[in-house]
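Trainee: I would like a close look at one part of this protein, the sheet and what surrounds it. Please take it slowly and connect the pieces.

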Amino acid sequence: MARSSSGFVAGLTAAAVAAVGFLAYQASASAPADLSVKPPASGTAAPTTSPTGGPKKPAANPLAVPAASGTGERVVYALGDRRVWLVDARNKATRTFSVMPSTVHPTPGAYTVTSRSGSVRGSDGVQIEHVVRFATAQDVAIGFSAAVDGTTPSPDPSKKTGGIRMKRADGDALWTFAVIGAKVVVVP
């Protein structure tokens, strides 16, 4: 019996040595050629792979001005992102902020600011300020505004409203930027 157990232990030892050798080979095969080179800083994006195994593109900058929004000084409103950019004549965003869309949406395209109101009551009954109107859809005027109380709640889906709400500080900036005739570009 001693002879068969020593053969068993010898077999396990040989298997363990083979496994360690295989793992050592894998480690050496994936090590960089020059170990003195420092890895990239943690702030840089390392390439990853997609579920299909191919390289995965890094995520686009969510704060970058949408490419299909034209050129020149303009307000860009991205429906899907619920975001507005104030873009200067050099195509650089001077400010960007999130918004709460209304229940009635403008069709993607280029518009101009047609009217402005300093302070009014919105179609939802909320006191608003810095109203900048640029479109009409479903017989509803569509424009940017900020609630005087500073809130940006979701609109009542049973009402047809056109107010795209933002924080008061963002409303102040848009009011200064978007005068009558200013370009507004709506993207999907």
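Mentor: What follows goes through one sheet, its salt bridges and its pocket, and then turns to a second group of strands.

Keep in mind that this is a predicted model. Start with the sheet itself. It is open and has four strands, in the order β7-β8-β9-β10, with mixed pairing. The edges are taken by β7 and β10, each of which has a single partner strand, so one side of each has no neighbour in the sheet. On average, neighbouring strands here are turned by 30 degrees against each other, direction ignored.

Within this sheet, look at β8 and β9. Strand β9 covers residues 140–147, and β8 pairs with β9 in the antiparallel sense over seven bridges. To find the pairing on screen, go to Ala-137, which stands opposite Val-140 in β9.

A helix belongs in the same picture. Helix α2 lies across β7, β8, β9 and β10, and runs at about 60 degrees to β8. There is also a side-chain link between this helix and the sheet. Glu-129 and Arg-168 meet in a salt bridge, at 2.6 Å from N to O. Glu-129 lies in β8 and Arg-168 in α2, which spans residues 168–177, so the pair ties together parts that are 39 residues apart in sequence. The two partners can be described by their accessibility. Glu-129 counts as buried because its relative accessibility is 12%, and buried means under 20%. Arg-168 has a relative accessible area of 36%, so Arg-168 is partly exposed.

Another salt bridge involves the edge strand β10. Arg-165 pairs with Asp-124, and their closest N and O atoms are 3.1 Å apart. Arg-165 lies in β10 (residues 163–166), while Asp-124 lies in the loop between β7 (115–121) and β8 (127–137), so this pair ties together parts that are 41 residues apart in sequence. Arg-165 counts as buried, at 9% relative accessibility. Asp-124 counts as partly exposed, at 31%.

Arg-165 appears again at the largest pocket. This pocket has a volume of about 410 Å³. Its lining has 28 residues, and those closest to the pocket centre are Gly-122, Ser-123, Ile-128, Gly-163 and Arg-165. The elements that give two or more residues to the lining are β7, β8, β9 and β10, which are the strands of the open sheet. The largest share of the lining comes from β9, with six residues.

Now move to the second group of strands, with β4 as the place to begin. Arg-83 is found in β4, which covers residues 83–87. Five of the five residues of β4 are buried, so the strand is largely enclosed by the rest of the structure. Arg-83, Trp-85 and Val-87 point one way from β4, and Val-84 and Leu-86 point the other way. For Arg-83, the relative accessible area is 17%, so Arg-83 is buried.

Strand β4 has pairing with β3 and with β5. Strand β3 (residues 74–78) and β4 are antiparallel and pair over five bridges. Within that pairing, Val-76 has Trp-85 of β4 as its bridge partner. The hairpin of β3 and β4 has four residues between the strands, and in this hairpin Arg-82 takes a positive phi near 55 degrees.

With β5 (residues 93–98), β4 is again joined by five bridges, and the two strands run antiparallel. Here Arg-83 stands opposite Ser-98 in β5. A little further along the chain is Met-100, and the C-alpha atoms of Arg-83 and Met-100 are separated by 8.5 Å, with their positions 17 residues apart along the chain.The hairpin of β4 and β5 has five residues between its strands, and Asn-91 in the turn has a positive phi of about 65 degrees.

One more salt bridge is worth a look. Arg-90 forms a salt bridge with Asp-88, and the closest N and O atoms are 3.0 Å apart. Arg-90 counts as exposed, at 65% relative accessibility, whereas Asp-88 is buried, with a relative accessible area of 12%. A search of the whole structure finds four salt bridges, among them the pair of Arg-90 and Asp-88.

Key:
Residues are numbered from 1 along each chain as its sequence is written. This is a predicted model: local features need pLDDT of at least 70, side-chain atom pairs count only at pLDDT 80 or more; totals for chains, interfaces and linings use all residues. Side-chain values use heavy atoms; hydrogens and water are left out. A salt bridge is a side-chain nitrogen of Lys or Arg within 4 Å of a carboxyl oxygen of Asp or Glu. Buried means under 20% relative accessible area, exposed over 50%, partly exposed in between (1.4 Å probe, protein chains only). Two strands pair if DSSP finds at least two bridges between them. Axes are lines fitted to C-alpha atoms, for helices over the stretch in contact, and angles run from 0 to 180 degrees between N-to-C directions. Contact means heavy atoms within 4.5 Å. On a 1 Å grid over the protein atoms alone, a cavity is a set of points where a 1.4 Å probe fits but cannot get out, and a pocket is an open set with protein on both sides within 12 Å along at least five of seven lines; lining residues have an atom within 4 Å of a point. Grid points are joined across faces, edges and corners, and a volume is the space filled by probe spheres set on the points.
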